[in-house]
2 protein chains.
Amino acid sequence: MADREARATWHGDLFKGSGTVSATSSGLFTEAPVTWASRTERADGHTSPEELMAAAQAACFCMAFSNELSSRGNEPARLDVEATCTFEGGKVTTMVLQVSADVPGADDPAITEALSAAEQSCPVTNALRNNVDIVVTRKT
Amino acid sequence: MADREARATWHGDLFKGSGTVSATSSGLFTEAPVTWASRTERADGHTSPEELMAAAQAACFCMAFSNELSSRGNEPARLDVEATCTFEGGKVTTMVLQVSADVPGADDPAITEALSAAEQSCPVTNALRNNVDIVVTRKT
């Protein structure tokens with residue numbers, strides 16, 4: 001079991017106020033600014049909940065896909081996952097994953113099978129299932 | 001509508017391999033290292049999907065809570081949210097939020113009512129609902 005922690009602070013109302021977010025377990029970022037405008041309009045160099053969810057999803061999907069390939073005897077040389085998370089109408093609506101894989105010795109059906117299995121086993125995908133539309137596509 | 005992007009890369013199998021994760025919309029972090037060991041054992045200065053989800057949740061909950069307070073006429077001076085995300089048995093099992101609020105002029109029941117409303121309206125909470133146990137507590 002592993003616990004990981006982060007914290008956020010906010011001053012003022014939603015639209016004119018502003019806040020910060022910190023990754024406290026790792027210290028990767030400290031008091032990164034967040035605002036409603038930079039979440040919903042131009043990012044303007046600021047992170048947002050959707051960007052952080054996309055990062056969580058991309059990292060987790062890499063691990064799940066690596067494991068599904070390796071457990072079938074196909075250790076990947078390199079996997080790339082680009083995640084796009086959409087916020088619309090006050091909801092996190094969609095997570096689109098574009099995946100590419102360099103897997104020496106594996107044929108296309110073997111990669112596709114492992115990709116489908118990862119879509120089912122990925123912990124972050126499962127945390128979002130039925131609430132967020134998840135679309136996994138393979139870049140070739 | 002706002003799209004936010006991140007990407008991750010992985011080399012090798014799950015247990016001996018390693019990867020990186022980047023927040024590409026903001027550039028907040030680039031090629032931050034991730035491993036299975038630092039996700040599930042000691043963080044060792046590395047981020048993980050659960051830490052990034054905790055950060056997304058903390059920032060989003062601040063915004064939702066600010067909005068629920070302000071829409072009831074109680075603009076917050078300061079809100080703090082500490083989020084702890086637990087990974088256990090290959091699942092994201094729990095998100096615990098400890099919330100504190102400095103809201104000039106608001107009495108306790110008003111703050112508690114807005115907190116309950118935020119638990120229902122927060123977009124990240126809703127993205128995880130029914131898949132991850134979400135526990136919101138007020139620090140006083």
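Contact here means heavy atoms within 4.5 Å. With that in hand, here's a walk through this predicted model, starting from one small residue and working outwards.

**Two residues and their surroundings**

Ala32(A) belongs to strand β3 of chain A. With a relative accessibility of 5%, Ala32(A) counts as buried, because buried means under 20%. Who are its partners? Setting aside neighbours within four places in sequence, Ala32(A) is in contact with Gly19(A), Thr20(A), Val21(A), Thr47(A) and, from chain B, Leu28(B). For Thr20(A) there's a C-alpha distance to go with the contact: 5.0 Å from Ala32(A), although the two sit twelve residues apart along the chain.

Over in chain B, Asn74(B) is found in the loop between α2 and β4. Loop or not, Asn74(B) counts as buried at 14% relative accessibility. Not counting residues up to four places away in sequence, Asn74(B) touches Leu69(B), Val103(B), Ala106(B) and Ala110(B).

**A sheet built from both chains**

Now for the sheet that β3(A) belongs to. It's an open one with six strands, in the order β3(A)-β2(A)-β1(A)-β4(B)-β5(B)-β6(B), and the pairing is mixed. The edges are β3 of chain A and β6 (133-138) of chain B, each of which pairs on one side only. From one strand to the next, the twist averages 20 degrees.

In general, strands of a sheet pair through backbone hydrogen bonds, either parallel or antiparallel. Three of the pairings here, with an example of bridge partners from each, look like this:

| Strand pair | Sense and bridges | Example partners |
|---|---|---|
| β1(A) and β4(B) | antiparallel, nine bridges | Glu5(A) and Thr84(B) |
| β4(B) and β5(B) | antiparallel, eleven bridges | Cys85(B) and Met95(B) |
| β5(B) and β6(B) | parallel, six bridges | Val96(B) and Val135(B) |

The β1(A)-β4(B) row is where the chains meet within the sheet: β1 comes from chain A, while strand β4 (residues 78-88) comes from chain B. Moving along, β4(B) and β5(B) make a hairpin with two residues between them. One turn residue, Gly89(B), has a positive phi of about 60 degrees.

**The α2 helices**

What does helix α2 (residues 49-70) of chain B touch when it packs on the sheet? It reaches β1, β2 and β3 of chain A along with β4, β5 (91-102) and β6 of chain B. The direction of this helix makes about 30 degrees with that of β1(A).

Chain A has its own helix α2 (residues 49-70), and you can check its length quickly. At 1.5 Å a residue, its 22 residues should span 32 Å, and the end C-alpha atoms are indeed 32 Å apart, so the two agree. As for exposure, 20 of the 22 residues of α2(A) are buried, so the rest of the structure largely encloses this helix.

**Aromatic rings**

Counting ring pairs whose centres lie within 6.5 Å, you get seven aromatic pairs over all chains. One of them joins Phe15(A) and Trp36(A): the ring centres are 6.0 Å apart and the planes are at 85 degrees, so this pair is edge-to-face. Phe15(A) comes from the loop between β1 (2-11) and β2 (18-23) of chain A, while Trp36(A) is in helix α1 (residues 36-40) of chain A, so the pair ties together parts that are 21 residues apart in sequence. Phe15(A) is exposed at 54% relative accessibility, whereas Trp36(A) is partly exposed at 21%.

Another pair crosses between chains, from Phe29(A) to Phe29(B), each in its own chain's loop between β2 and β3. How are these two rings arranged, stacked or edge-to-face? Their centres are 5.7 Å apart and their planes are at 5 degrees, so they're stacked. Phe29(A) is buried, with a relative accessible area of 4%, and Phe29(B) is buried too, at 3%.

Back in chain A, Phe15(A) and Trp36(A) are joined by Phe87(A) in one aromatic cluster. Phe87(A) also has a charge for company: Arg39(A) lies over the face of its ring, at 4.1 Å from the ring centre. Chain B has a matching arrangement, with the charged end of Arg39(B) over the ring of Phe87(B), 4.1 Å from its centre.

Technical notes. Residues numbered from 1 in each chain as written. Chains lettered and ligands numbered in written order. Predicted model: local features only at pLDDT ≥ 70, side-chain atom pairs only at ≥ 80, totals over all residues. Heavy atoms only, no water. Phe/Tyr/Trp six-rings, centres within 6.5 Å; stacked < 30°, edge-to-face > 60°. Helix = DSSP H or I, 4+ residues; strand = E, 2+ residues; numbered from the N terminus. Buried < 20%, exposed > 50% of the residue type's maximum accessible area, 1.4 Å probe, protein only. Lys NZ or Arg CZ within 6 Å of the ring centre and 35° of its normal. Expected span 1.5 Å × (residues − 1). Pairing = 2+ DSSP bridges. Axes fitted to C-alpha atoms, helices over the stretch in contact; angles between N-to-C directions.
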